[in-house]
Amino acid sequence: MTTKRILVIDDDDGVREIAQFCLEAAAGWEVLTAASGSEGLAKAESEQPDAILLDVMMPDMDGPTTFRQLQANAATVHIPTILLTAKAKISEQQQFINLGVTGVVTKPFKAQELVDQIREILNWK
Amino acid sequence: MKRAIESNIATSRWGLALLYLLILICVSWVSYHSTVTLLERVNLERHTRAEIAGLQEILFEITDAETGRRGYVITGQEQFLRPYNRATSTIEKQLKQLQQRFSNDALNEQRQFNELKSMVIQRLSLLEQSINLKKQHESDDDIQIALNAQGKALQEQIRALITEIQNKKGQELRLKAEQSTVQATRTIAVILAGFCLSLTIFLWVYYLLSRQIIQRQQAEAALAKSEKRLRTIIEAEPECVEVLALDGTIQEMNAAGLAMMEANDLQQVIGQPACSLVTPEHRDSFTALTQQAAVGNPGILQFELVGLRGTRRWLETHAVPLRNEQNEITGVLSITRDITAQKQAEVVLKKAKDELEIRVADRTGELVQANHQLQQIAATLLEAERRWRSLLENVRLVVVGLDRNGKLEYVNPFFLELVGYTKTEVEGQDWFKTFLPPHQRSRLQNSFLELLEQEFYTHEQSIILTKSGSERLIAWNNTLLKNLQGDVIGTLSIGEDITERHAIERMKDEFVSVVSHELRTPLTSIHGALNLLSSGLVEAQSDKGRRVIEIAAENAERLVRLVNDILELERLEAGKISLSKQSCNATELLIKATDLMQVMANHAGITLSVSPQAIQLEADPDRIIQVLTNLLGNAIKFSSRGSTVWLTVERVYTHLSPPYPVSHEQKAKPLLCSVDVACQQDIGFTGTPTENGKALVEPRPRSECLNSFVLFAVKDQGRGIPADKIESIFERFHQVDASDSRKKGGTGLGLAICRSIVQQHGGRIWAESTLGEGSCFYFTLPTELGIGGNP
């Protein structure tokens, strides 16, 4: 089975690194990282990951904007995207679902739980 | 009525009879008169005819006498004298008779007769002379001849005269005959007319009499019927109807009366004194009533009666005199009704009335009290109205009254102040077209109509447009206006201008969201790191493990700083941190701050240039040093190695108090972080305006300035701040670059804390910057010197 490749886009170095460690350690996936929305767009297009874990609140280009651009790009439109948000309210999460994202996971997270959630969302066995 | 009819009939009858008699008398008199006249005329005719016949006879006799004389004379025989003798004697008689007849005639006729008579006598004399001559035998022919001739002539005269008289009489006779005929005809006509008239009157009288008889019969029948009906009514009358004799005894009584008396039949009471059953206390009054009625004075009396079976009743009787056709009082008619129930009701009523009067008295007292209370309420209402009006005029809420068509009827002064119109400009204007943005008109007009039709109160928010075109968000509370009849005449809406509050709430929401993110972000790193370690997914001793621990430690430290800054900022803005103000020297503050930051500057290769001035100010030195170190820290962080950061202080002047006027719109906004040209002039600065209308400040004391401030400035040669962020950097978590807070170790709250500290000192903070050239942060603090003071 081919190792899954997942792109983590988050402006916060700590969160990005911890997420990377979690996904690598708990799932054995290959993790790519980007520190901003624009960097993430470029990597998604060039690296063609199997999925994208996208932070919502970023300074230059926030998560929803980045997602819209991913969807607007034929090279990245097919990549399932999961939003990573600190907003725990169901109503807020619903707004993101309405954008068309594949799923939403919340901060803070535990390594195994994060992996399990992503697998469930993406239907990865 | 009957008497009247009879009277009319009698009058007509006598009148007609009298008329009939009068006509008969007239007819009889006319008949009698005509008959008498006719008789007179017959007698006259007979008289005339007798005269004519007498004259004719005299003529015949004279002729006979002549004939006899002639025979005698001729013959001499005596026998011829017999006609003569008879004639003379007859003529003499005739003359006497005619004399008598003509005596009643007219004088000319009498004169003619007398002439005739003398001529006849003369003739007879001549005849006698001739005869005598014969007898004397003196037969003288000549004489005879002369006598004959004379006699003949006379004879002719007599004949002529008689003929004349006869003709006259004949004419008279014919005239009288004609008159008699006319008279007779007239008499017949009168008699016929009288007969016809009499017959007509007779028939008329007969008709009248017949009619009168029929009318009388009808009247008598009607009278009988009326009497029967009256008796039936009286018998059926629920009230007692009785007839008393003049002495007060009962003569007649109907069934109701018998029932009142408790009598079985009329015989039981007939002839009894009417007062016998009246209770003793009312008997005298009753007797007096009947006696008064008996002399023609009607009256009413209420009395009590004890029936034959002992039942007591209250009765009311109305006694009137009863008269016959001659208007003589023949008795007393008494109509009596049972008023026992009425009396009992009166007793109850009186009792109720007494109770009512008591209640009325009580109620009146209550009403007086209520009236007093009402007056107090009216006074209270008046005062309340005054207060409400005062409230409407002064309240800092928008009050708008619309009529049913949505036209403005009332606005309060605050509304006018808010929208910038005058009262004259808005009165009668269409609310929706004038004050609402187009995209809201339809919805709010529908809401207005629903309010009018369904009469429920609504709460809503809407934007209104001011005269300048700006928008204000108003939270409305709509109510209906009704007139005294309860009809809806419009709406009254009270609105609160929540533009600023709404902005603040939005900012708060954003702040909470940001804080949540800012807190969760390090927490996520810590939580994830510890989970990796605790779950054994990452070995703590491995390189990855050490990196994980490092991340956790960094973020824990960051979290602590963040929490501290948040708490400090909140305490500052809530006024929970009291400034310990004291007199301090600006130079000392600058030096202390520089000392604190010198290590960091050295580490970053930055030169700190300080230009102190000995200016005294009233401030919390620790807090001002906190501001200065924060600004210096930012300058050092964002300056490249080898560059310089300048720290200066100087005194500035302004006549403004507070230093910078705060407009209505500015209240809800963050304080401006730059000085515009107008403000520069106000605070006594002169400077060259930059492209964006700001100016670099240069102090220039002016004698007219009243207040002085200390102006601190921290200037760097860093990357600069974009113009669109020059104001927002003082907001919480509004760094130019959010990643700065992580990269540079900040929390995103430093400038917000600086602003809060400066504002609490009565100062102001702002920034000037040019991208790629550097930034300069200024803040002012009031000095110790008061108005008009000198350095």
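Helices here are DSSP runs of at least four residues, numbered from the N terminus. Keep that in mind for the close-ups below, which come from a predicted model.

**View 1. Two partners within one helix: B:Lys169 and B:Glu172 form a salt bridge.** Find helix 4 of chain B, which covers residues 141-236. Both B:Lys169 and B:Glu172 sit on this helix, three residues apart, or about one turn. The closest N and O atoms of the pair are 4.0 Å apart. Is B:Lys169 buried or exposed? With a relative accessibility of 2%, B:Lys169 counts as buried, because buried means under 20%. Its partner B:Glu172 is partly exposed, at 23%.

**View 2. A wider circle of charges: B:Lys169 and B:Glu172 belong to a network of salt bridges.** Stay with the two residues from View 1 and look for the others linked with them. Which residues make up this network? Its members are B:Glu51, B:Asp105, B:Glu109, B:Lys169, B:Glu172 and B:Lys176.

**View 3. Another pair on one helix: B:Arg547 meets B:Glu550 in a salt bridge.** Now move along chain B to helix 13, made of residues 543-573. Here B:Arg547 and B:Glu550 lie three residues apart, about one turn of the helix. From N to O, the distance between their side chains is 3.1 Å. Both residues count as partly exposed: B:Glu550 has a relative accessibility of 41%, and for B:Arg547 the value is 23%.

**View 4. A link between a strand and a helix: A:Arg5 forms a salt bridge with A:Glu47.** Turn to chain A, where the closest N and O atoms of this pair are 2.9 Å apart. A:Arg5 belongs to strand 1 (residues 5-9) and A:Glu47 to helix 2 (residues 37-47), so their salt bridge ties together parts that are 42 residues apart in sequence. A:Glu47 is partly exposed, with a relative accessible area of 35%.

**View 5. The setting of View 4: chain A has five helices and five strands.** How are these elements ordered along the sequence of chain A? They follow the pattern β-α-β-α-β-α-β-α-β-α. Chain A has 125 residues, and 52% of them count as buried. Among its contacts with a separation of 6 or more, 61% involve residues 24 or more positions apart. The chain exposes about 5,300 Å², with carbon and sulfur atoms supplying 47% of that area.

To place these pairs in the whole model, the count over all chains comes to 45 salt bridges.

Methods: Residues are numbered from 1 along each chain as its sequence is written. Chains are lettered from A and ligands numbered from 1 in the order in which they are written. This is a predicted model: local features need pLDDT of at least 70, side-chain atom pairs count only at pLDDT 80 or more; totals for chains, interfaces and linings use all residues. Side-chain values use heavy atoms; hydrogens and water are left out. Helices (H or I, at least four residues) and strands (E, at least two) are DSSP runs, numbered from the N terminus. Buried means under 20% relative accessible area, exposed over 50%, partly exposed in between (1.4 Å probe, protein chains only). Contact means heavy atoms within 4.5 Å. Accessible areas come from the Shrake-Rupley method with a 1.4 Å probe; for residues, only the protein chains shown count as cover.
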